[in-house]
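The following exercises introduce the structure shown below. Each task is followed by a solution in steps.

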Amino acid sequence: MTATQPGTALDSASVAAFARAQEVIPGGVNSPVRAFRSVGGTPRFIARAKGPYLYDVDGNELVDLICSWGPMLLGHAHPEVLDAVMSAAQHGTSYGAPTEAEVDLAAAIIDRTPVEMVRLVSSGTEATMSVLRLARGITGRDKIVKFAGCYHGHVDSLLVSAGSGVATLAIPGSPGVTEATTADTIVCEYNDRAAVREAFATYGDQIACLITEAAAGNMGVVPPGVEDGAGFNTFLAEICREHGALFISDEVMTGFRVTASGQFGLDGVVPDLMTFGKVMGGGFPAAAFGGRAELMHSLAPVGGVYQAGTLSGNPVASAAGATTLRLATPEVYAHVDRAAALLQREVADALGKVGVPHVIQTVGNMFSVFFVGEDVEAVPDYATASTQVTARYAAFFHSMLDAGVYLPPSAYESWFLSSAHDDRALDRVVSALPAAAAAAAEV
Ligand SMILES: *Cc1c(COP(=O)(O)O)cnc(C)c1O
């Protein structure tokens, strides 16, 4: 592959760093998708970042279309976020005692979403794990319903795969996850209302909760579908209510990203419980789960459901998160929405010119490009997402990377933009597209 201007040919520093990393960290990474396994090649090691750019250890400047998998809505190293972080850190970085900073962050989340109370935690995984315990504790029921292709962190009971179409009892999706752990997890295909009806018809009085991504982003972007005027989330909220199960909307990815109030800002469906992460941490480890006060009062120390964390509500993370939310103005969302729309048009145009079949799907400013077959017009679920020609994405990805554009290293991910993505950064992406489309066409 020939590197186009400004070339970012892989040099020695990333290769050396990756070799060293593999000696001390399994696969050289602390989260599997970073390893480039599904696109091949050597991951770039990042030295620093500013605005819309990452700079790797070889000094290459890369337009960042991952934004840390969503969090960096304002771009990297935003001066006001940095100020808040610096002044918080100067007062000490962790106390293991309550602070006003965490109350500010909790209040900012409540302001923007339908939840009445939140508990802060350190990762999205911790949020979903805790919210399941809470739902089971409140209802006294064991079973949970989730969707194939929806990712909720690496919680044992949610790490499951399933057959397609109808609801199936889940089999563990990873060694180390026991059958006993997943025996109470029911998996349906996303957007498949008949499967959900069947699950509730069969197990209704045993189902503690249904958890869904507010809009799916972890199988590529798959919006909740509308049938007979009713959105999928509305349908889910109703069927949960009918059966006395709690409806949990996981907004770890979409929250404060697709609108100021996440997917809730798009469809207005009020869940019983919600989870948040990514943007609300402003690039630090912070996440949350929340809901009606009456439900949240089941948590210790008020209620009996135990949940805790040494670094929960960390003052530096809380300062970064609250500042990020404060700066996430309507202008920020308008800018990111416009940039996302522009890139979607340009990608469609470039792929169309060379005849590469594809589907682009979007939720707010999150979008992804599915390299599916010609006959596929939409991707409503994981079964369809799995029909992608992933080799085509890999060729596209590497051509873009050679031209200085850092896309997600997997065909099953959303692309993310920020308010820092200005004309210079977007032009760079657009000018890289024809060669990448041509590379995809050759597969
Ligand atoms: C990223 C993500 C999680 C997990 O969050 P971590 O902070 O990586 O543990 C959970 N749910 C959704 C929808 C996510 O996108």
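**Exercise 1: Overall dimensions**

Task: Compare the radius of gyration of the chain with that of a compact globule.

Solution: A compact globule of 443 residues would have a radius of gyration near 22 Å, and the chain, at 21 Å, agrees with this. The radius is taken over C-alpha atoms, and the globule rule is 2.2 Å times the number of residues to the power 0.38. Along its principal axes, the C-alpha trace spans about 60 × 55 × 45 Å.

The model is predicted: local features need pLDDT of at least 70, side-chain atom pairs count only at pLDDT 80 or more, and totals for chains, interfaces and linings use all residues. Residues are numbered from 1 along each chain as its sequence is written, and side-chain values use heavy atoms, with hydrogens and water left out.

**Exercise 2: Two positive phi angles**

Task: Determine whether W69 is buried or exposed, and do likewise for D228.

Solution: Buried means under 20% relative accessible area, exposed over 50%, and partly exposed in between (1.4 Å probe, protein chains only). W69, with a positive phi of about 70°, has a relative accessible area of 19% and is therefore buried. D228, whose phi is near 50°, has 84% and is therefore exposed. Most residues other than glycine have a negative phi.

**Exercise 3: A peptide bond**

Task: State which residues a cis peptide bond joins.

Solution: The cis bond joins A300 and P301, with omega about 10°. Most peptide bonds are trans.
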